[in-house]
Amino acid sequence: MKKAIKLVGVLTAVFALMFTVACGNGEKDNASAGNGEKTLTLGVWKGTEAENTTRKKLIADFEKASGIKVKEKVYNDYETQLQTDLVGGTAPDVFYVDAYLAPSLIEKKVLAPLDDYITKAKDFDTEDFYKPVYKAFTGEDKAQYGLPKDYSTLGIFYNQKMFADAGIDPNTIPTTADKMGAFLENLKAKLPKDVVPSAFTADLARQMYIAQSSGEPIITKDGYSNLDNPKIITALQPLVDWYQKGLIKRPADLGQDWSGDSFGAGKAAMMVEGNWAIAHLEQNFPDVKFGTKEVPTIEGKKGTMVFTVSYAMNAAAKDKDAAWELIEYFTGKTGMKTWAEGASVLPSRQSVAKEMNIESDAILQPFVAGAEYATPWQDGTTLSIVSDQYKNMLPSALKGEMTLKEAMKKATETANNDIKTQLKN
């Protein structure tokens, strides 16, 4: 699911025009096999070995049940190659759509709305999907443009041995954000000098829910950055304070590229990461015993981030009924259970999670709980610009080169200049 948070570029007006043309041409480009046998193309990115193996099983099961043949198209550079194929009219009939990219593709009208198919389907319960995950693919027009195949949320990881050696009960990890600073200071005092209390990723994809905890959006209704809003700055200020006290450090400060490696290497006693880190730790750091917790509430409100990917239908698909059959099968209860169990991911259907008894897994439970209240990593078509400037300027505040207010003001000014140019085009 790391690909689920990969930043995507914003399409230009030229591409928008080409998309429109491509949609018209697509009717001719996507054809059934010459022998009359129905054939669909499915666009995916290369995942883990378990994901790739399980997807092939799903395809085989679907082919057997439907009589429709499926050809995979694996993207090595998903965002670039998919957009190129959409422009050229060669995109697959059905393809993965990251929640982050969904608003842009919906705006360009290259995704087919699924509502009529959903309404006609038998026993296809959309209320069964976790709401934040399902709504990530609902357009501003209230139409549904994708159905989520799985999801990931953020949670706290803690090193059991480090906590035991420090004489700190993991159950004392604060459940409210206002107490976290004092807890980290106490933890720091009891850890070895070369171990930081928590690894920290300075990325808006991880801090969006914190920034918006006061109720102020990071992006205005007009699509402009709101990062310099005083309430947003106040919400983010504790991160700067903790960093400057040495309570949290970035992976780069610890000699790694990712928090999961910093935690696994014993450089940090805690980290806030997605459930994708579980398999990474088990495979690469099998001797590290860890536990997990939900991230703390802020001002009495629960919050975390959710990253999700859907199956979406190409608006130019020739046989949309067949394309829907594939989506229905893959995101239905049977198909989703096959996928979740085989690929070791969290199912986006609550009933499947219950059938798999996932909530009884102490490690996974915090991530499943987060699916009920998480903020999707998604916000219109200008989020990539705002996110880039946040990532560019936050380090200056962390290092004390400027205040957080100054950093977010500069980030907002730069982002809005770029956004203004984009919107004009």
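Is R55 buried or exposed? In this predicted model, R55 counts as buried because its relative accessibility is 3%, under the 20% cut-off. The residue belongs to helix α2, which spans residues 49-66. Beyond its neighbours within four places in sequence, R55 is in contact with V44, W45, E72, Y96 and W339.

Two of these partners, W45 and Y96, reappear among the aromatic residues: ring pairs link them with F62, Y78, Y311, Y329 and F330 into a cluster. Y96 also carries a charge over its ring, with the charged end of K149 4.7 Å from the centre.

Across the whole structure, the search finds 19 aromatic pairs. One of them, Y100 with W377, is stacked, with 5.3 Å centre to centre and 20 degrees between the planes. Y100 sits in the loop between β3 and α4, and W377 in the loop between β10 and α18, so this pair ties together parts that are 277 residues apart in sequence. Both Y100 and W377 are buried. F124 and W324, by contrast, meet edge-to-face, at 5.5 Å centre to centre and 70 degrees between the planes. Here a loop between α5 and α6 holds F124 while helix α14 holds W324, so the pair ties together parts 200 residues apart in sequence. These two residues are buried as well, and R349 lies over the face of F124, 4.7 Å from the ring centre.

Turning to helix packing, the axes of α10 (residues 230-244) and α18 (residues 383-398) come within 9 Å and cross at roughly 50 degrees, which makes α10 oblique to α18. Their contact comprises seven nonpolar residues, one polar and no charged ones. On the α10 side are L236, L239, V240, Y243 and Q244, which meet Y390, A397 and L398 of α18.

Terms used:
Residues numbered from 1 in each chain as written. Predicted model: local features only at pLDDT ≥ 70, side-chain atom pairs only at ≥ 80, totals over all residues. Heavy atoms only, no water. Helix = DSSP H or I, 4+ residues; strand = E, 2+ residues; numbered from the N terminus. Buried < 20%, exposed > 50% of the residue type's maximum accessible area, 1.4 Å probe, protein only. Contact = heavy atoms within 4.5 Å. Axes fitted to C-alpha atoms, helices over the stretch in contact; angles between N-to-C directions. Parallel < 35°, antiparallel > 145°, perpendicular 65-115°, else oblique. Nonpolar A, V, L, I, M, F, W, Y, C, P; charged D, E, K, R; others polar. Phe/Tyr/Trp six-rings, centres within 6.5 Å; stacked < 30°, edge-to-face > 60°. Lys NZ or Arg CZ within 6 Å of the ring centre and 35° of its normal.
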